[in-house]
Amino acid sequence: MGKAIIIYVLGTLTIFLTLNTNVNQRISSSVNSVSENFSDVSARNIANSMAEMLIAEIGNNKNFRVSNWTLKSMFGGEAYYRVVDTVITADTLIKISIKANYFNLVKNVDVLGKSSVSGSPGFLPGTVKAAISTNNNVQTLGNLVVDGRDHDINGNLIGGQGTYAIWTTGSYSRSGNSHLGSTVSETDYSLAKVENNNYRLESQSYPGGYPTSPDGVLGGAANGFTDGTLKALSQSGWNGSQYVTNPSSLTFPLSGVTYVELTSGGTWNPANINGSGILIVHNTSGNAKIKNLNSGTFKGLLIADDIIHIHTNIIGAVVALSPSPSDGNCIGNGNGDVLFSRAAINQATTNLKLPETVGYGFGKKRIQVVRWFE
């Protein structure tokens, strides 16, 4: 009987020890699994957070690079990182590499990106209805040529995709030796001393009202141009932009956005307009004048309250704002050419946007992320 009890006790103890060992092994395995999973998530968080921080640094300084592996401690772990330039399929990219370590569990992250391009593609503003668009009665005299047929950036005729020579909310009068050319429904009409609806449109109505400001010409707030945007852009110096209150302060050739803000009733006379981009002559009273445009070839978009006597070459388009201009509404009475050009207008409006200052993080990166590898 005694031996049976001993055998029973030993057997029970053996079973207990075996079960206890199995339970401990399972508990240990679970703890290790939880610990490993926590370390994996932590290492991943360190790596991705480090990547976001480096993206922000590049956003603040586009020249920021780190060629050697560099250590940074964070979140109870550590991250080794470097930032270098690389070329992949002829595309120049910035490569951000991170090796994150949390309790000996390593996570690698590689990010490929490129500097964000602020701005917008070129566009033809809806206000540009013709080579010359006005909000008033207008007349041409002398030898002025107004050609709504399309031209390239150098004034060479393309044809087939142009517009009217003149578009006005008032009336148009052609006199002297002035000529008009146009494209209507993809049909080109050659230069001629004529005046009919194949060349010009009179008594037109602009949807929502004709713009009264340069920003309105580019589509206003609905198109990202709240009042003051173009003025601020000119003051920023972007792409050679200039803001002046005295035209004699301008430097040539013009480029970017040139904003000439005159006093009420002020006149820029005579005017050298040599250059490109967007040229604005405007004030809050809407009565700034540019008169006797006698020299320089301008390629782009000319927007002014009151335009008097175009005697030089403009490749692009002209938009006049005032409903009651001076000097008998004569926009040209000598030798001059206004040649419509989509190319010149698109070039003038490309990337027409103030540099953005935004935060970093999800959805707000200042570099364009091409690939993110984990």
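This is a short guided tour of a predicted model, with selections to make in your viewer.

**Stop 1: the β1/β2 hairpin**

Select residues 66-74, which are strand β1. Add residues 77-88, strand β2. The two strands run antiparallel and are joined by six bridges. Together they form a hairpin, with two residues between the strands. Click on Phe-75 in the turn: its phi is positive, about 55°.

Now show side chains. Leu-71 has Tyr-80 in β2 as its bridge partner. Add Trp-69, which sits in β1. Trp-69, Leu-71 and Tyr-80 make a nonpolar surface patch of about 280 Å². Is Trp-69 buried, partly exposed or exposed? Its relative accessible area is 36%, so Trp-69 counts as partly exposed.

**Stop 2: Thr-168**

Move to strand β8, residues 164-168, and select Thr-168. Thr-168 is buried because its relative accessible area is 0%. What does Thr-168 touch, leaving out residues up to four places away in sequence? One group of contacts is Thr-134, Asn-136, Asn-137 and Val-138. The others are Leu-201, Glu-202, Ser-203 and Gln-204. Display these residues around Thr-168 to see its surroundings.

**Stop 3: Val-281**

Go next to strand β17, residues 275-282, and pick Val-281. Val-281 has 0% relative accessibility, so it counts as buried. Now select Ala-304. It is 23 residues from Val-281 in sequence, yet the two C-alpha atoms are 4.5 Å apart.

Ala-304 is one of the contacts of Val-281 beyond four places in sequence. Ile-303 and Asp-305 are also on that list. So are Ala-288, Lys-289 and Ile-290. Val-260, Leu-262 and Trp-268 complete it. Keep Trp-268 selected for the next stop.

**Stop 4: the nonpolar cores**

In soluble globular proteins, nonpolar side chains tend to be buried together. The largest nonpolar core here has 62 residues. Which of its residues touch the most other members? They are Leu-218, Trp-268 and Ile-307.

Centre the view on Ile-307. Setting aside residues up to four places away in sequence, Ile-307 touches Ile-290, Leu-293 and Leu-302. It also touches Val-318, Val-319 and Ala-320. Cys-330 and Ile-331 are further contacts of Ile-307. Ile-290 is worth a second look: it touches Ile-307 and is also in contact with Val-281.

Finish at a second, separate core of 23 residues. Select Ala-47, Ala-51, Met-74 and Val-109, which are among its members.

Definitions and conventions
Residues numbered from 1 in each chain as written. Predicted model: local features only at pLDDT ≥ 70, side-chain atom pairs only at ≥ 80, totals over all residues. Heavy atoms only, no water. Helix = DSSP H or I, 4+ residues; strand = E, 2+ residues; numbered from the N terminus. Buried < 20%, exposed > 50% of the residue type's maximum accessible area, 1.4 Å probe, protein only. Contact = heavy atoms within 4.5 Å. Core = buried A, V, L, I, M, F, W, Y, C linked by side-chain atoms within 4.5 Å. Patch = residues over 30% accessible without salt bridge, like charges linked within 9 Å, V, L, I, M, F, W, Y side chains within 5 Å. Areas by Shrake-Rupley, 256 points an atom, 1.4 Å probe, with all protein chains shown as cover. Salt bridge = Lys/Arg side-chain N within 4 Å of Asp/Glu carboxyl O. Pairing = 2+ DSSP bridges.
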